[in-house]
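Notebook open, structure loaded. I'm jotting down what I look up as I go, one topic per entry.

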Amino acid sequence: MTVDAQQRGLVLVVEDEPAIADLVRLYLTRDGFGVHVERDGSAGLDAARRLRPVACVLDIALPGLAGTEICRRLREAGDWTPIIFLTARDDEVDRIVGLEIGADDYVTKPFSPRELVARIRAVLRRTAGAPDGADRARVVGPVALDPARRTVTAAGVPVRLTSTEFDLLAHLMARPGRVFTREELLAAVWGYPAHAGTRTVDVHVAQVRAKLGPAADVIRTHRGVGYAADG
């Protein structure tokens, strides 16, 4: 069932448990989002391609097609719509795999629907404009980042990042040489404190480095402390 997108835009929810899907729909609708729900993975992938939602909430364990596979196929097709995973397992491996294939965030069941809505709003705030309100271009070594256009190049070659990866790099590049702790990065980029686990930061840093290729050394690890952008 599709609800007309309201002022915040349409969110696609792919969840095979009716009670959970209805709860998520209720809270998102209350917060001003339109909601479209699908019950299986194949229909969810089709809806993501057809409806162009502002964000996707994907259960990992779905009939037909797993949530991780939906994410993988969207990213391979160049679709960088923000994705938040719902997982019934508090398993670090599952979470890391989800982040590595391009998810922006994850929530472990049982979860607070208010927290899920807050996570979605945080991701959408990051994609809506320049972090910290700054729109000046930033250059560190061979990496150039334009917050206004949300583009990144490494030695002149365009780099495709998820919204979270972009904002992590932008935050580091805003103050070159400044070492940020993992807890600081969680608060500044993800918008919530370290209860989510600092491993989230490490996985995203690894993904950004992999995409920067030969320019990966722009992000330096300060063992026992955190990360810095340094040319």
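**Entry 1: Glu15**

I started with Glu15, which sits in the loop between strand 1 (10–14) and helix 1 (18–30). Note to self: this is a predicted model, so every value here is computed from predicted coordinates.

Is Glu15 buried or exposed? I get a relative accessible area of 0%, and since the cut-off for buried is under 20%, Glu15 counts as buried.

Next I looked at what the Glu15 side chain does with its polar atoms. One of them lies 2.8 Å from the backbone nitrogen of Glu17. The Glu15 side chain also makes a polar contact with the side chain of Lys109, at 3.0 Å.

I then listed the contacts of Glu15, skipping neighbours within four places in sequence. The list reads Ile20, Ala21, Glu38, Arg39, Asp59, Leu62, Leu86 and Lys109.

**Entry 2: the cis peptide**

Lys109 turned up again when I went through the omega angles. The peptide bond joining Lys109 and Pro110 is cis, with omega at about -10 degrees. I placed Pro110 in the loop between strand 5 (105–108) and helix 5 (113–128). So Lys109 has two entries in my notes: the polar contact with the side chain of Glu15 and the cis bond to Pro110.

**Entry 3: positive phi**

Then I went through phi. Arg52 has a value near 50 degrees, positive in a residue other than glycine. I find Arg52 in the loop between helix 2 (41–51) and strand 3 (55–59). Its relative accessible area is 57%; with exposed meaning over 50%, Arg52 is therefore exposed.

Arg150 is another non-glycine with a positive phi, about 55 degrees. Arg150 is in the loop between strand 7 and strand 8. At 22% relative accessibility I have to put Arg150 down as partly exposed.

**Entry 4: the four-stranded sheet**

The loop of Arg150 led me to the sheet. I read it as an open sheet of four strands in the order 6-7-8-9, with antiparallel pairing. Which strands are at the edges? Strand 6 (138–140) and strand 9 (157–159), each of which pairs on one side only. From one strand to the next I get an average twist of 25 degrees.

For the pairing of strand 8 (residues 151–154) with strand 9, I count three bridges, and the two run antiparallel. Thr153 has Pro158 of strand 9 as its bridge partner.

Helix 6 (residues 163–174) lies across strand 6, strand 7 (143–146) and strand 8. Relative to strand 7, helix 6 runs at about 105 degrees.

**Entry 5: Arg178 and the hairpin**

After helix 6 I followed the chain to Arg178, in the loop between helix 6 and strand 10 (180–181). Arg178 comes out at 27% relative accessible area, so partly exposed. Its side chain joins that of Glu184 in a polar contact of 2.8 Å. Neighbours within four places aside, Arg178 is in contact with Glu184, Tyr227 and Ala228. I also checked the C-alpha distance from Arg178 to Gly226: 10.0 Å, for residues 48 apart along the chain.

Tyr227 and Ala228 took me to strand 12 (residues 226–229), which is joined to strand 11 (residues 219–222) by four bridges and runs antiparallel to it. Ile219 pairs with Ala229 in strand 12. Strand 11 and strand 12 form a hairpin with three residues between them, and Gly224 in the turn has a positive phi of about 80 degrees.

**Entry 6: helix 7 against helix 8**

What is the angle between helix 7 (residues 182–190) and helix 8 (residues 199–212)? About 75 degrees, with the axes 9 Å apart. I call the two helices roughly perpendicular, because that label covers 65 to 115 degrees. From helix 7 the contact takes Arg182, Leu185, Leu186 and Trp190, and from helix 8 Thr200, Val201, Asp202 and His204. I sorted the residues of this contact into four nonpolar, two polar and two charged.

**Entry 7: Arg73**

Last lookup: Arg73, in helix 3 (residues 67–76). Its relative accessibility is 35%, which means partly exposed. Beyond its neighbours within four places, Arg73 is in contact with Leu45, Arg49 and Leu65. For Arg73 and Leu45, I noted a C-alpha to C-alpha distance of 8.3 Å and a separation of 28 residues in sequence.

How values were computed:
Residues numbered from 1 in each chain as written. Predicted model: local features only at pLDDT ≥ 70, side-chain atom pairs only at ≥ 80, totals over all residues. Heavy atoms only, no water. Buried < 20%, exposed > 50% of the residue type's maximum accessible area, 1.4 Å probe, protein only. Polar contact = N/O pair within 3.5 Å; in protein donor to acceptor, adjacent residues only side chain to side chain. Contact = heavy atoms within 4.5 Å. Axes fitted to C-alpha atoms, helices over the stretch in contact; angles between N-to-C directions. Parallel < 35°, antiparallel > 145°, perpendicular 65-115°, else oblique. Nonpolar A, V, L, I, M, F, W, Y, C, P; charged D, E, K, R; others polar. Pairing = 2+ DSSP bridges.
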